[in-house]
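How is this protein put together, and which residues meet inside it? The paragraphs below go through the structure from the whole to its parts.

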Amino acid sequence: MKISLFYEFPLPRPWSDDDEYQLFQHGLDEVELADKAGFSTVWLTEHHFLEEYCHSTAPEMFLAAASQRTKNIRLGFGVMHLPPPINHPARIAERVSTLDHLSNGRVEFGTGEGSSVAELGGFNIDPADKRAMWEEALEVTIRCMTETPFSGFKGEHVEMPARNVIPKPRQNPHPPVWVACTRPSSVQMAAHKAIGALSFAYTGPEALKTRVDGYYQEFAEKGAPVTPEINPNILAIGGDLSMMVAKTDEEALKRLGIGGGFFSFGIMHYYMTGMHTPGRTGVWELYEQAVKEDPTLAYGPGRGAIGSPETVREFLRGYEASGVDEIILLLNPRSHEGTMESIEIMGREILPEFIERHEKLAAEKAKRLEPVIEQVEKRRQPSDAPLFDETYSFGGLPTGRGGKFTAGEIPEAMAEINEGRVKAAQAEKEAREKAAREQAG
């Protein structure tokens with residue numbers, strides 16, 4: 001089982017002027033240390049308008065910065081929103097591919113539809129359309145990464161003419177593709193499409209084993225690839241997977257404070273029962289009050305990788321026994337200094353045994369899946385992408401409705417440049433003539 005980290009970048013109020021600056025700087029320090037400690041991947045979510053709960057609105061920016069401070073840790077989108085009103089497929093392909101080059105091929109491409117009223121409503125997306133948007137956008141994004149040129153697409157939610165989208169990713173043909181899965185049915189969908197399942201797990205490793213077994217059964221029986229490269233893996237993330245490790249359970253709890261349950265509370269607030277006034281509602285204040293009324297909302301040992309090395313080791317072994325390929329540990333609001341020491345302890349006392357076992361089990365899994373993958377590949381459907389029209393070209397001046405010219409800034413700028421050149425040439429000619437006259441006189 002791989003062990004990774006997950007960032008939402010929560011930032012409880014009250015805020016000072018440099019809190020967001022410190023949030024990202026601390027995150028970069030932690031990821032750099034996590035790389036040295038041996039964590040597999042750092043996963044970064046993308047959310048919008050979820051103040052206090054998640055300030056990770058541009059994950060590619062943070063991951064690009066992290067790529068320059070790390071060497072081995074993989075950089076995961078967990079997840080990028082694919083609905084075109086949020087991210088156009090061509091822009092997704094460009095950003096993911098650029099990061100893949102900056103990181104020397106370390107990108108994990110996690111995708112999602114979006115779920116909250118804040119985000120779907122903020123971008124005027126009808127929830128009834130989000131699955132269809134995701135499916136169309138995924139197809140277009142991967143084709144933009146792999147076709148030279150992309151030959152065009154016309155769907156219900158995405159329409160794009162032929163263009164050669166650059167750069168292409170460093171990983172050939174594209175980075176591993178994942179999809180966020182909140183329900184068993186979405187885990188099945190991931191297996192059917194032969195892509196990785198980023199599975200939320202709130203009920204512990206015992207229930208997770210059923211989900212893991214179900215994924216691989218569906219993959220074997222019904223998997224039909226929708227991407228050039230398949231990704232038969234399932235990983236777990238969830239509310240009971242917070243991390244804080246210290247010398248003792250008591251010290252770990254002290255450094256975590258009540259922050260361990262904020263992820264789950266934030267989901268309830270933004271996705272289910274809460275009412276939110278932008279820029280006004282105090283989410284952390286509501287959480288503090290809820291913890292006073294029910295202290296069990298603040299997680300401790302047994303509800304996360306929280307405690308001494310012995311406590312955390314046993315907690316992780318339980319998830320390892322479920323057969324999940326990777327577990328992602330959440331970094332909820334907590335002490336930065338405590339997190340740095342926690343990462344060091346994980347790298348020194350906990351990760352090595354899991355890394356050693358994973359290398360052996362991953363080789364066994366690859367051998368076991370060889371005949372399964374052969375059958376899955378046979379179910380791959382021929383691409384219905386249009387052939388590129390070799391007579392197609394574009395150019396000239398952009399025109400608007402009715403054929404009227406609407407983008408005159410470039411011609412005007414070029415005319416100004418040419419006018420300047422003419423004036424400069426005339427001035428130079430006059431200067432030469434004057435010099436010649438003076439020399440002759």
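What follows starts with the overall figures and then turns to single elements and residue pairs.

The model shown is predicted. The protein contains 13 helices and 12 strands. Its C-alpha trace spans about 95 × 55 × 45 Å along the principal axes. Of its 441 residues, 49% count as buried. About 21700 Å² of the protein is exposed, and carbon and sulfur atoms supply 53% of that area. Among contacts with a separation of 6 or more, 76% are between residues 24 or more positions apart.

One helix can be taken as a start for the interior. Helix α9 covers residues 262–272, and 8 of its 11 residues are buried, so α9 is largely enclosed by the rest of the structure. The buried residues are F262, F263, S264, F265, G266, I267, H269 and Y270. Their cover includes two helices, α4 (117–122) and α10 (283–293), along with the strands β1 (2–7), β8 (196–200) and β12 (326–330).

Strand β12 holds I328. With a relative accessibility of 1%, I328 counts as buried, because buried means under 20%. Which residues does I328 touch, apart from neighbours within four places in sequence? The contacts of I328 are S4, L5, F6, W43, L198, L235, A236, I237 and L241. One of these contacts is W43; I328 and W43 are 285 residues apart along the chain, yet their C-alpha atoms are separated by 7.9 Å.

A second buried position is H81, in strand β3 (residues 74–81). The relative accessible area of H81 is 2%, so this residue is buried. Leaving out residues up to four places away in sequence, H81 touches E46, H47, H48, I86, N87, I92, G112, G114 and E119.

Next comes the empty space inside. Rolling a probe the size of a water molecule over the atoms shows where such space is left. How many cavities of 30 Å³ or more are there? The count comes to 1. The largest cavity holds about 60 Å³ of space. Its lining consists of F6, E8, P10, Y53, F262, F263, L330, L331, N332 and P333. Two of these lining residues, F262 and F263, are among the buried residues of α9, and F6 is one of the contacts of I328.

Charged pairs are the next topic. Side chains of opposite charge can pair when their charged atoms come close. In the whole structure, 27 salt bridges are found. Three of the pairs are described here one by one.

R69 and D29 meet through their side chains in a salt bridge, at 2.6 Å from N to O. R69 lies in the loop between α2 (59–67) and β3, while D29 lies in helix α1 (residues 19–37), and the pair, 40 residues apart, links distant parts of the chain. R69 is partly exposed at 29% relative accessibility. D29 is partly exposed too, with a relative accessible area of 29%.

The next pair is E30 with R334, and their closest N and O atoms are 2.5 Å apart. E30 belongs to helix α1 and R334 to the loop between β12 and α12 (336–378), so this salt bridge ties together parts that are 304 residues apart in sequence. Are the two partners buried or partly exposed? E30 counts as buried at 1% relative accessibility, whereas R334 counts as partly exposed at 23%.

The third pair joins R74 and E108, with 2.4 Å from N to O. R74 lies in strand β3 and E108 in strand β4 (residues 107–112), so parts 34 residues apart in sequence are tied together. R74 is buried, with a relative accessible area of 18%, and E108 counts as buried at 7% relative accessibility.

Salt bridges also form a network, which links R313, E314, R317, E320, E353 and R357.

The last stop is the surface. I410, M414 and I417 make a nonpolar surface patch of about 270 Å². I417 lies in helix α13 (residues 409–440) and is partly exposed, with a relative accessible area of 39%. In an α-helix there are 3.6 residues a turn, so residues three or four places apart point the same way.

Methods:
Residues numbered from 1 in each chain as written. Predicted model: local features only at pLDDT ≥ 70, side-chain atom pairs only at ≥ 80, totals over all residues. Heavy atoms only, no water. Buried < 20%, exposed > 50% of the residue type's maximum accessible area, 1.4 Å probe, protein only. Helix = DSSP H or I, 4+ residues; strand = E, 2+ residues; numbered from the N terminus. Contact = heavy atoms within 4.5 Å. Patch = residues over 30% accessible without salt bridge, like charges linked within 9 Å, V, L, I, M, F, W, Y side chains within 5 Å. Areas by Shrake-Rupley, 256 points an atom, 1.4 Å probe, with all protein chains shown as cover. Salt bridge = Lys/Arg side-chain N within 4 Å of Asp/Glu carboxyl O. 1 Å grid on protein atoms, 1.4 Å probe; cavity = no way out; pocket = protein on both sides within 12 Å on 5 of 7 lines; lining within 4 Å. Points joined across faces, edges and corners; volume = space filled by probe spheres on them.
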